[in-house]
Amino acid sequence: MHSQLGIGQGYTTLELKIAYHRGLSDKSGRVRAVDRVVTIGRRVAFAEATLHDGDGRLCATATSTLLVFDLPR
């Protein structure tokens, strides 16, 4: 989400939800995280992410609601 902001904008987390679907260990292989900005508006943004193990199995999901604001000059 950070890369989608304009110059002079900041953000903070309003809500964060994480669901753990499968444990990770040293045998999980290379872990891959995929993120996506769902929507970004003037004041609020929504993002989501997934975490997969080396076999492509889903290990965790997360969603976030973010407050977008102008930084003080």
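# Why these labels apply in the predicted model

Ser28 sits in the loop between β1 (9-20) and β2. The model is predicted.

User: Why is Ser28 called buried or exposed, whichever it is?

Analyst: Its relative accessible area is 10%. Buried means under 20%. Therefore Ser28 counts as buried.

User: What does Ser28 touch beyond its neighbours within four places in sequence?

Analyst: Ser28 is in contact with Gly23, Asp53 and Gly54. Closer in sequence, a polar atom of the Ser28 side chain lies 2.7 Å from the backbone nitrogen of Ser25.

User: What makes that pairing of the Ser28 side chain and the Ser25 backbone nitrogen a polar contact?

Analyst: The distance is 2.7 Å. The cut-off is 3.5 Å, for a pair of N or O atoms where one can donate a hydrogen and the other accept it. So the pair falls within the limit.

User: Where is His52, and is it buried or exposed?

Analyst: His52 is in strand β3. Its relative accessible area is 13%. The limit for buried is under 20%, so His52 is buried.

User: Which polar partners does the His52 side chain have?

Analyst: One is the side chain of Thr50, at 3.1 Å. Another is the backbone oxygen of Gly56, 3.4 Å from a polar atom of the His52 side chain.

User: Which residues does His52 touch, not counting those up to four places away in sequence?

Analyst: They are Arg30, Val31, Arg32, Arg57, Leu58 and Cys59.

User: What is known about Arg32?

Analyst: Arg32 is in strand β2. Its list of contacts, leaving aside neighbours within four places in sequence, is Thr50, Leu51 and His52. The C-alpha atoms of Arg32 and Thr50 are 8.2 Å apart, though 18 residues separate the two in sequence.

User: Why is Arg32 called partly exposed?

Analyst: Its relative accessibility is 45%. Buried ends at 20% and exposed starts over 50%. The value for Arg32 lies in between, so the label is partly exposed.

User: How do you know that Arg36 and Glu48 form a salt bridge?

Analyst: Their side chains meet at 2.9 Å, N to O. The rule asks for a side-chain nitrogen of Lys or Arg within 4 Å of a carboxyl oxygen of Asp or Glu. So the pair qualifies. Arg36 lies in strand β2 (residues 32-40) and Glu48 in strand β3, so the bridge ties together parts 12 residues apart in sequence.

User: How exposed are Arg36 and Glu48?

Analyst: Arg36 is partly exposed at 45% relative accessible area. Glu48 is partly exposed at 33%.

User: Why can such side chains pair at all?

Analyst: Side chains of opposite charge can pair when their charged atoms come close.

User: What makes Lys27 and Asp26 a salt bridge?

Analyst: Their closest N and O atoms are 3.9 Å apart. The limit is 4 Å, so the pair counts. Lys27 and Asp26 are both exposed.

User: How many salt bridges are there by this rule?

Analyst: The count is 4. One of them joins Arg57 and Asp55, with closest N and O atoms 3.5 Å apart. Arg57 and Asp55 also belong to a network of salt bridges with Asp53.

User: Why do Arg57 and Asp55 carry their exposure labels?

Analyst: Asp55 has a relative accessible area of 63%. Exposed means over 50%, so Asp55 is exposed. Arg57 has 38%. That value lies between 20% and 50%, so Arg57 is partly exposed.

User: Which residues make the largest nonpolar core?

Analyst: The core has 5 residues: Met1, Leu5, Ala45, Leu66 and Val68. Leaving aside neighbours within four places in sequence, the contacts of Val68 include Met1, Leu5 and Ala45.

User: Which residues form the nonpolar surface patch?

Analyst: Leu14, Val38, Val44 and Phe46 form a patch of about 310 Å². Phe46 is in strand β3 (residues 44-52).

User: What makes Phe46 eligible for the patch?

Analyst: Its relative accessible area is 37%. Patch residues need over 30%. So Phe46 passes that cut-off, though its label is partly exposed.

User: Why is Ala62 called partly exposed?

Analyst: Ala62 has a relative accessible area of 22%. Buried would require under 20%, so Ala62 is partly exposed. Ala62 is in strand β4 (residues 58-70). Beyond four places in sequence, Ala62 touches Lys17, Ile18, Ala47, Glu48 and Ala49. Its C-alpha is 8.3 Å from that of Ala47.

How values were computed:
Residues are numbered from 1 along each chain as its sequence is written. This is a predicted model: local features need pLDDT of at least 70, side-chain atom pairs count only at pLDDT 80 or more; totals for chains, interfaces and linings use all residues. Side-chain values use heavy atoms; hydrogens and water are left out. Helices (H or I, at least four residues) and strands (E, at least two) are DSSP runs, numbered from the N terminus. Buried means under 20% relative accessible area, exposed over 50%, partly exposed in between (1.4 Å probe, protein chains only). Contact means heavy atoms within 4.5 Å. Patches are made of residues with over 30% relative accessible area and no salt bridge: like charges are joined within 9 Å, nonpolar side chains (Val, Leu, Ile, Met, Phe, Trp, Tyr) within 5 Å. Accessible areas come from the Shrake-Rupley method with a 1.4 Å probe; for residues, only the protein chains shown count as cover. A nonpolar core is a set of buried Ala, Val, Leu, Ile, Met, Phe, Trp, Tyr and Cys residues joined through side-chain atoms within 4.5 Å.
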